[in-house]
Amino acid sequence: MRNPGYLLKRALFKLSPRFAERLNIDFRLHAPNRVFLEESVFGYLNDSAAASSDDSKTLFVGIDKHNWHYPRLLNSEFHSLDIEERKAVYGQPGRHWTGSATEMADHYGDDVFDVVVANGLLGFGVNTEPDFRRLLEQCKKVLKPGGLFVIGYNDRPDRAPFPVLPVLREFFELFEPPIAGVDGHVHRVDDGFQHVFVFLRKAKASDRPALRTELADAASVH
């Protein structure tokens, strides 16, 4: 049986999500992987946003009551999407889209977001390697060149029954963020979920066209 405090929070949220937000109500999970995301990863994102002269835009793929409070933790223009229409109530007004993550570029366009976070999708809707590849293709499209992609998943055969890291490297560059306790582009959280976070970046614009021009100029000399 849930405690009276939780039931009161739920009642206030149902009355008015925006009123509950002003009261700083949340339904956060206290699992170690969520704590790492909300404190360490978001702390890094906020530091990066503060150091940038441009406004930051973040897309969170998948939203529910447990991450509804994330806009209050991030110093960024927070956008979200979820395929379930009933979850739209957890999104920010005017910044939530109800639709499939494998079609997000048709909605948002290309090169829009500085950060895309996809946490807890593998085994919970994205269940096959072809679906995973489609998700990554879409995430890459909506990210700006040099943008950060953070993916979290339970590294277990029942949730990720295909090799995840080799597929990720086909779409993104590896990135090691300057986060305390993170050594490399993969961070494993010591919890019963066997949760893993992987940090990657979208490649910046290639200099190959310039190189081809230089080679063509050199060839024309001879």
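**Helix 5.** I began with helix 5 and looked up its buried residues, which are Phe132, Leu135, Leu136, Gln138, Cys139 and Val142. Because they cover an arc of only 165 degrees around the axis, I place them on the same side of helix 5. I note here that the model is a predicted one. An α-helix has 3.6 residues a turn, so residues three or four places apart point the same way. I then checked the span of helix 5 (residues 129–142): its 14 residues reach 20 Å from the first C-alpha to the last, close to the 20 Å expected at 1.5 Å a residue. Looking for what covers the buried residues of helix 5, I found, among others, strand 1, helix 4 (104–108), strand 4 (113–119), strand 5 (143–154) and helix 6 (164–171).

**Helix 6.** I turned next to helix 6, where Val164, Val167, Leu168 and Phe171 are buried. These residues cover an arc of only 100 degrees around the axis, and therefore lie on the same side of helix 6. I recorded that the buried residues of helix 6 pack against helix 5, strand 5 and strand 8 (195–201).

**Aromatic pairs.** I looked up the ring pairs and noted a count of 14 aromatic pairs. In one of them, tyrosine 6 and phenylalanine 27 have ring centres 5.8 Å apart and planes at 75 degrees, so I entered the pair as edge-to-face. This pair links distant parts of the chain, since tyrosine 6 lies in helix 1 (residues 4–15) and phenylalanine 27 in the loop between helix 2 (17–22) and helix 3 (32–51), 21 residues apart. Tyrosine 6 and phenylalanine 27 are both buried.

I also examined phenylalanine 13 and tryptophan 68, whose ring centres are 4.9 Å apart with planes at 85 degrees, so that pair too is edge-to-face. Because phenylalanine 13 is in helix 1 and tryptophan 68 in the loop between strand 1 and strand 2, the pair ties together parts 55 residues apart in sequence. Both phenylalanine 13 and tryptophan 68 are buried. I noted, finally, that ring pairs join Tyr6, Phe13, Phe27, Trp68 and Tyr90 into a cluster.

**Charges over rings.** I found the charged end of lysine 57 over the ring of phenylalanine 113, 5.6 Å from its centre, and the charged end of arginine 201 over the ring of phenylalanine 175, 4.1 Å from its centre.

**Leucine 73.** I closed with leucine 73, which I located in the loop between strand 1 (57–61) and strand 2 (77–82). Leucine 73 is partly exposed, with a relative accessible area of 24%. Setting aside neighbours within four places in sequence, I found leucine 73 in contact with Arg28, Glu38, Phe42 and Asn46.

Key
Residues are numbered from 1 along each chain as its sequence is written. This is a predicted model: local features need pLDDT of at least 70, side-chain atom pairs count only at pLDDT 80 or more; totals for chains, interfaces and linings use all residues. Side-chain values use heavy atoms; hydrogens and water are left out. Helices (H or I, at least four residues) and strands (E, at least two) are DSSP runs, numbered from the N terminus. Buried means under 20% relative accessible area, exposed over 50%, partly exposed in between (1.4 Å probe, protein chains only). Contact means heavy atoms within 4.5 Å. The expected span of a helix is 1.5 Å times one less than its number of residues. The arc is that of the directions from the helix axis to the C-beta atoms. Rings of Phe, Tyr and Trp (its six-membered ring) pair if their centres lie within 6.5 Å; planes under 30 degrees apart count as stacked, over 60 as edge-to-face and the rest as tilted. A charge sits over a ring if NZ of Lys or CZ of Arg is within 6 Å of the ring centre and within 35 degrees of the ring normal.
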